[in-house]
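Hi,

Here is the model I mentioned, for you to open alongside this email. Could you have a look at it and then read my notes below?

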Amino acid sequence: MLVQDRIVPPSDAPKLHNHQSRSKPFSIPSKNLDFSTWASENLYKILTILLLITTVAALFFLRNYSTAGGDAAALLCIQSTQSHTIHPKFPQINWNSINRIVDKSTPFSSFRSEKWIVVSVSDYPSESLKKMTKIKGWQVLAIGNSKTPKDWNLKGAIYLSLDMQAQLGFRVVDYLPYDSYVRKTVGYLFAIQHGAQKIYDVDDRGDVIDNDIGKHFDVELIGEGARQEVILQYSHENPNRTVVNPYIHFGQRSVWPRGLPLEKVGDIGHEEFYTEVFGGKQFIQQGISNGLPDVDSVFYFTRKAAHEAFDIRFDDRAPKVALPQGTMVPVNSFNTIFHSSAFWGLMLPVSVSTMASDVLRGYWAQRLLWEVGGYVVVYPPTAHRYDRVEAYPFSEEKDLHVNVGRLVNFLVAWRSNKHRLFEKILELSYVMAEEGFWTEKDLQFTAAWLQDLLAVGYQQPRLMSLELDRPRANIGHGDRKEFVPQKLPSVHLGVKEVGTVNYEIGNLIRWRKNFGNVVLIMFCSGSVERTALEWRLLYGRIFKTVIILSGEKNVDLAVEEGQLDYIYKYLPKYFDRYSSADGFLFLQDDTVLNYWNLLQADKSKLWITDKVSKSWTSVSVAGNSDWFVKQADMVKKVVATMPAHFQVNYKESVKDQQSLTICNSEVFYVPRHFVPDFVDLVNLVGGLDIHHKVAIPMFFLAMDSPQNFDSVFNSMRYKQKLQSNSTSFYSAEVPAIHPWNVSSEQDFIRLIRIMAAGDPLLMELV
């Protein structure tokens with residue numbers, strides 16, 4: 001279904017009024033026997049009865065028609081499926097009854113400024129932030145979080161602590177995490193409330209070049225201070241190009257920004273020609289940063305030695321460049337100016353990973369910017385950010401590398417017939433929740449954000465006709481503008497040509513494409529305090545997400561509670577949580593997964609260790625311990641209640657009813673189309689205490705014939721026990737190794753070093 005064809009619940013639903021009848025005691029109203037009056041008074045009852053009769057008749061007709069060989073059965077099946085589709089609840093907002101929110105709680109209630117610098121602070125003021133307070137005409141607004149020192153203070157800056165934020169009365173506060181930079185959303189509202197017309201969105205680790213924001217940025221778009229000029233613009237000649245790498249234009253073709261789809265990294269050719277656009281509507285202005293530009297973790301870990309700081313330089317003489325409708329660019333929260341016409345686009349999503357929040361915001365805002373006739377312009381270096389040579393969080397980018405390419409294509413194709421901007425914004429947030437780019441929490445957060453904007457006095461811009469839907473004129477020879485970017489040296493990176501880039505990350509891109517929509521569910525028997533983050537660092541680069549389970553819950557590490565003995569009973573929850581995933585891979589922490597050897601496996605089949613003799617065995621119940629007898633009895637009870645297709649599959653595979661199939665189940669995979677079967681089997685087990693080593697093989701044998709299982713794990717290296725980790729036991733040529741003990745950071749580092757034989761990029765982690 002096309003996005004523009006989706007049926008979205010209306011934002012203004014009709015109100016239902018309850019009419020209460022008043023009757024006097026001991027008085028009986030007289031009845032009017034006129035038929036027309038009676039029909040009028042009982043019209044809704046008549047219509048209800050007629051509707052029921054019609055529905056029953058239609059169902060009877062369809063049932064009979066399907067018996068005769070028609071398509072009604074298929075129709076009913078489709079309707080049934082649609083009725084079970086889960087849609088987010090669309091927020092109902094009365095746009096005309098939003099009360100004004102006035103600052104009555106801070107000492108700055110009467111303060112007004114048109115130009116604001118908004119920054120999140122987690123530590124004492126940096127030297128860069130101190131310099132920002134000296135920039136003439138700009139007011140620094142620092143937003144605290146739970147990590148910010150209690151005595152934080154900086155002369156010339158307004159600081160909003162968590163307590164002060166809570167007292168401002170903004171709706172968005174209820175949705176914000178305590179320890180994240182996304183609390184800047186409060187700061188944006190505060191600045192708008194206090195007269196903002198321009199907001200410079202930055203972090204505290206960069207110096208504004210020459211301490212002059214207006215040196216390259218277009219701070220003024222109208223009036224005497226505005227530059228009345230035409231701006232170079234990327235060509236729209238290729239309608240299939242939806243995203244570009246702006247770093248190429250500014251002389252660094254081997255560098256790519258965070259949020260650029262990895263499959264686009266290899267596109268390093270410069271533009272054959274540009275076009276031009278009149279200035280004045282560059283409502284979002286993205287600055288380039290020297291030193292440490294905004295790069296993703298793949299670049300950060302693969303383009304330098306472990307303890308070397310980045311110091312990348314861009315061409316400061318290259319002209320600024322605009323993006324036409326239909327073409328996007330990554331936009332961040334480190335070095336970006338928003339003009340008032342785009343203030344609605346400042347909202348930072350809260351349901352996605354931290355390093356994905358501003359990137360998703362940027363793409364979301366760019367698409368909506370086209371609705372008001374605006375565009376994004378990228379500027380030559382406006383800041384110098386310092387590389388602190390700190391660990392860069394792979395796991396915090398988990399919502400980027402898989403989804404961002406799909407998101408861009410989705411946004412370019414999206415259309416809305418709403419007549420006001422805020423209604424379009426809410427509709428887009430709704431369908432993005434439907435598509436899984438963020439959750440319903442961000443839909444509700446959007447509703448709160450829009451109401452808060454109106455409450456602080458913001459007026460939404462008027463809509464403009466969308467250029468994408470109009471025929472575009474051919475680009476004539478006279479309209480073509482040439483600019484050949486410099487090719488600045490990248491010796492410090494050890495990279496000069498894209499061939500090297502492709503060689504280093506080509507495998508990672510291929511693995512991400514293959515497993516980027518597979519959820520890894522991992523059970524940790526050891527200390528999660530020492531290993532949980534490391535496992536996410538290792539496998540989070542490859543899979544859609546990594547769920548960590550352990551015997552004890554750890555909120556700080558996002559570790560969820562589970563019991564290994566009955567782990568199968570916990571899995572349906574995650575199946576439901578990630579309903580759009582291609583499949584689910586379960587792994588115990590005593591087993592190492594060589595993901596590079598799984599590419600040939602069929603993701604539509606079940607994977608398990610049924611051909612690994614020491615992992616999958618058949619045990620005779622007769623003469624064995626009580627545990628085996630009890631487990632076998634419970635298996636018989638479940639098999640006896642299985643529907644025909646499960647029971648037939650199981651009995652064809654298990655001929656000896658006096659034996660019990662055992663699988664240690666260290667690693668197995670369930671594709672999406674087998675998930676309903678798996679859930680049904682879990683429900684059949686119910687409250688029975690069937691051990692997971694018994695339940696998992698029973699489930700697999702009931703779901704499908706072993707001859708249909710994928711053979712990917714047949715060649716895994718497996719021993720029952722291993723005295724200690726041994727490099728001679730490990731092999732990069734097999735799909736998995738069991739057992740392997742990782743109980744500390746040192747164990748993890750040793751594992752990474754030997755796994756680098758299959759994935760050389762891993763060496764950059766250590």
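Let me start with strand E1, residues 115-121, which is mostly covered: 6 of its 7 residues are buried. Bear in mind throughout that this is a predicted model.

E1 has a partner in E4, and the two run parallel, joined by 5 bridges. If you want a landmark there, look for Ile-117, which stands opposite Tyr-200 in E4. E1 also pairs with E2, again in the parallel sense, over 6 bridges. Here the landmark is Trp-116, standing opposite Gln-139 in E2. Put helix H4 into the picture and you get a β-α-β unit made of E1, H4 and E2, and it is right-handed.

Now to the aromatics. The structure holds 35 aromatic pairs. One of them brings us back to Tyr-200, which pairs with Trp-138 in an edge-to-face arrangement, 6.4 Å centre to centre with 70 degrees between the planes. Trp-138 sits in the loop between helix H4 (127-132) and strand E2 (139-144), while Tyr-200 belongs to strand E4 (residues 198-202), so this pair ties together parts that are 62 residues apart in sequence. Are these two rings' residues buried or exposed? Both Trp-138 and Tyr-200 are buried.

Further along the chain there is a pair between Phe-678 and Phe-699. Their ring centres are 5.2 Å apart and the planes meet at 85 degrees, so this one is edge-to-face. It links distant parts of the chain as well, with Phe-678 in helix H18 (residues 675-685) and Phe-699 in helix H19 (residues 692-703), 21 residues apart. Phe-678 has 0% relative accessibility, and the cut-off for buried is under 20%, so Phe-678 counts as buried. Phe-699 is buried too, with a relative accessible area of 0%.

Which residues should you select to see an aromatic cluster? Try Trp-511, Phe-515, Trp-535, Tyr-539, Phe-543, Tyr-595, Trp-596 and Phe-748, which form one cluster.

One last thing to look at is a charge over a ring: Arg-480 lies over the face of Phe-273, at 4.1 Å from the ring centre.

If you only have time for one view, I'd go for E1 with its parallel partner E4, then turn to the Trp-138 and Tyr-200 pair.

Cheers

How values were computed. Residues numbered from 1 in each chain as written. Predicted model: local features only at pLDDT ≥ 70, side-chain atom pairs only at ≥ 80, totals over all residues. Heavy atoms only, no water. Phe/Tyr/Trp six-rings, centres within 6.5 Å; stacked < 30°, edge-to-face > 60°. Helix = DSSP H or I, 4+ residues; strand = E, 2+ residues; numbered from the N terminus. Buried < 20%, exposed > 50% of the residue type's maximum accessible area, 1.4 Å probe, protein only. Lys NZ or Arg CZ within 6 Å of the ring centre and 35° of its normal. Pairing = 2+ DSSP bridges. Right-handed = clockwise from strand over helix to strand, strands pointing away.
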